[in-house]
Amino acid sequence: MSVYRAAQVATAAGPFEIVEREVPQPGPCHVRVAVDACGVCHSDSLFVNAALPGVRFPVVPGHEIAGRIEELGEGTQNAWQVGDRVAVGWFGGSCGHCTPCRQGDFVVCRNLKVPGWAYDGGYAETVIAPADALARIPDALAATDAAPMACAGVTTYNGLRRSSARPGDLVAVLGIGGLGHLGVQYAVAMGFETVAIARGAAKADFAKELGAHHYIDSTADTSVADALQTLGGASVVLATAANSGAITATVEGLAPRGELVVIGADPEPLGISPTQLLMNGKVVRGHPSGTAQDVQDTMAFSALHGIRPMIETVPLDGATEAYQKMMSGTARFRMVLTTR
Ligand SMILES: [Zn+2]
Ligand SMILES: [Zn+2]
């Protein structure tokens, strides 16, 4: 019997434990992936804490997976080969029969399969994933850089490219943490006049290193909205900070017809009045991640433009440490678990 190691949580909000499990066979339309790296995303806590319905314990979290195909299930041989380098992200497969799926809008599938929720995720040496969840990793990207692209990367990249902004437009990225530091780099590479917004003057240098053309310190005397209007008003604000107050504060900084694209998850309501939206035709929109093809596009664009996540790697045995560091906000950007 061959076994693999996984970092599982046995009960809601319980500790991580490293366990050995028997290596499973992939079923039809599934492949077995040997995990090389898995990013630690804040959304993993939704499953660890059973904050969403249907979490089954023990659970193995992890939806920023990068690895190699080790075994092909029936019906996958035409598209994939053993050894192919693949990533699996928040989009861990769709049902194919709900209305959004039948309309071709797979990322809002009513039965979306998120790894670490619908099936065991990437805090492990092995994952069984549906073939429609697989994104090809370009040679130029290391597994540790590819993994965060499957959630943090695709969410910011897609959030921007599916927005109403066009090259040359003023685009602001709120927050320069795990999501935002990628968002700034993508915004610059897409040709937007890019504004980074974060707390404190000390982050100005980092924002400039990421390529931002402007930096707004949200703790300064001038409000974020006024600072954005001084620059002409933002066509798009990509709100990556999980802070409803900070997100709300950007609305008056939007240009006419401006669009607030929300990707930072905060359960608190946004304090936006209808009047604020009406007069200038502003739009507030939530943006969900992206499909496997979107993840593949994100990685290809990142390889083309030399865009990489800032990561800190920890071996799988240190899952507890990596998770706690992410939760406490003391991580230097993306924590990534490695298996070799
Ligand atoms: Zn995520
Ligand atoms: Zn569906």
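Of the 340 residues in the protein chain of this predicted model, 54% count as buried. The chain folds into 10 helices and 15 strands, and its radius of gyration of 20 Å is close to the 20 Å given by the globule rule for 340 residues, so the chain is as compact as a globular protein of that length. Two zinc ions, two nonpolar cores, a mostly covered helix and some backbone exceptions are taken up below.

**Overall dimensions and contacts**

- Along its principal axes, the C-alpha trace of the protein chain extends over about 65 × 40 × 40 Å.
- The accessible surface of the protein chain amounts to about 14300 Å², and carbon and sulfur atoms account for 51% of that area.
- When contacts between residues at least 6 apart in sequence are considered, 65% of them join residues at least 24 apart.

**The zinc ion (ligand 1)**

- The zinc ion (ligand 1) is coordinated by the SG atoms of Cys 41 and Cys 151 and by NE2 of His 63, at 2.0 to 2.2 Å, and these donor residues follow the spacing C-x21-H-x87-C in sequence.
- Distant parts of the chain are linked here, since Cys 41 belongs to the loop between S3 and helix H1 (44-48) while Cys 151 belongs to helix H3 (residues 143-161), 110 residues apart.
- Cys 41 and Cys 151 are both buried.

**The zinc ion (ligand 2)**

- The zinc ion (ligand 2) has as its protein donors the SG atoms of Cys 95, Cys 98, Cys 101 and Cys 109, which lie 2.3 to 2.4 Å from the ion.
- The arrangement is tetrahedral because the 4 donor atoms around the zinc ion (ligand 2) subtend angles of 103 to 121 degrees.
- Along the chain, the donors of the zinc ion (ligand 2) are spaced C-x2-C-x2-C-x7-C, and among them Cys 95 and Cys 98 are buried.

**Nonpolar cores**

- The largest nonpolar core comprises 50 residues, and those with the most contacts inside it are Phe 16, Val 40, Val 88, Tyr 123, Leu 134, Tyr 323 and Leu 337; its largest share, 5 residues, is contributed by strand S3 (residues 30-40).
- Apart from this core lies another of 44 residues, including Leu 182, Phe 192, Ala 212 and Ile 263.
- Leaving aside residues up to four places away in sequence, Phe 16 touches Ala 7, Gln 8, Val 9, Val 48, Pro 61, Tyr 123, Ala 319, Thr 320 and Tyr 323.

**Helix H4 and its surroundings**

- Helix H4 (residues 180-189) is mostly covered, with 8 of its 10 residues buried, namely Gly 180, His 181, Leu 182, Gly 183, Val 184, Gln 185, Tyr 186 and Ala 187.
- The cover over the buried residues of H4 includes H3, strand S8 (170-174), strand S9 (193-198), helix H5 (204-209), strand S11 (234-239) and helix H9 (292-305).
- Just after H4, Gly 191 adopts a positive phi of about 90 degrees.

**Backbone exceptions**

- Most residues other than glycine have a negative phi, and most peptide bonds are trans.
- The peptide bond from Phe 57 to Pro 58 is cis, with omega near 0 degrees, and Pro 58 is found in the loop between H1 and strand S4 (65-72).
- Ala 13, in the loop between strand S1 (3-9) and strand S2 (16-22), has a positive phi near 65 degrees, and its relative accessibility of 53% makes it count as exposed.
- Arg 257, in strand S12 (residues 254-262), likewise has a positive phi of about 65 degrees although it is not a glycine, and with a relative accessible area of 65% Arg 257 is exposed.

How values were computed: Residues are numbered from 1 along each chain as its sequence is written. Chains are lettered from A and ligands numbered from 1 in the order in which they are written. This is a predicted model: local features need pLDDT of at least 70, side-chain atom pairs count only at pLDDT 80 or more; totals for chains, interfaces and linings use all residues. Side-chain values use heavy atoms; hydrogens and water are left out. A nonpolar core is a set of buried Ala, Val, Leu, Ile, Met, Phe, Trp, Tyr and Cys residues joined through side-chain atoms within 4.5 Å. Buried means under 20% relative accessible area, exposed over 50%, partly exposed in between (1.4 Å probe, protein chains only). Helices (H or I, at least four residues) and strands (E, at least two) are DSSP runs, numbered from the N terminus. Contact means heavy atoms within 4.5 Å. Donors are N, O and S atoms within 2.8 Å of the metal (3.2 Å for Na, K and Ca); water is not among the atoms, so sites may look incomplete. Four donors count as tetrahedral if all angles lie between 85 and 135 degrees; four count as square planar and six as octahedral if opposite donors are over 155 degrees apart and all others between 65 and 115; anything else is irregular. The radius of gyration is taken over C-alpha atoms; the globule rule is 2.2 Å times the number of residues to the power 0.38. Accessible areas come from the Shrake-Rupley method with a 1.4 Å probe; for residues, only the protein chains shown count as cover.
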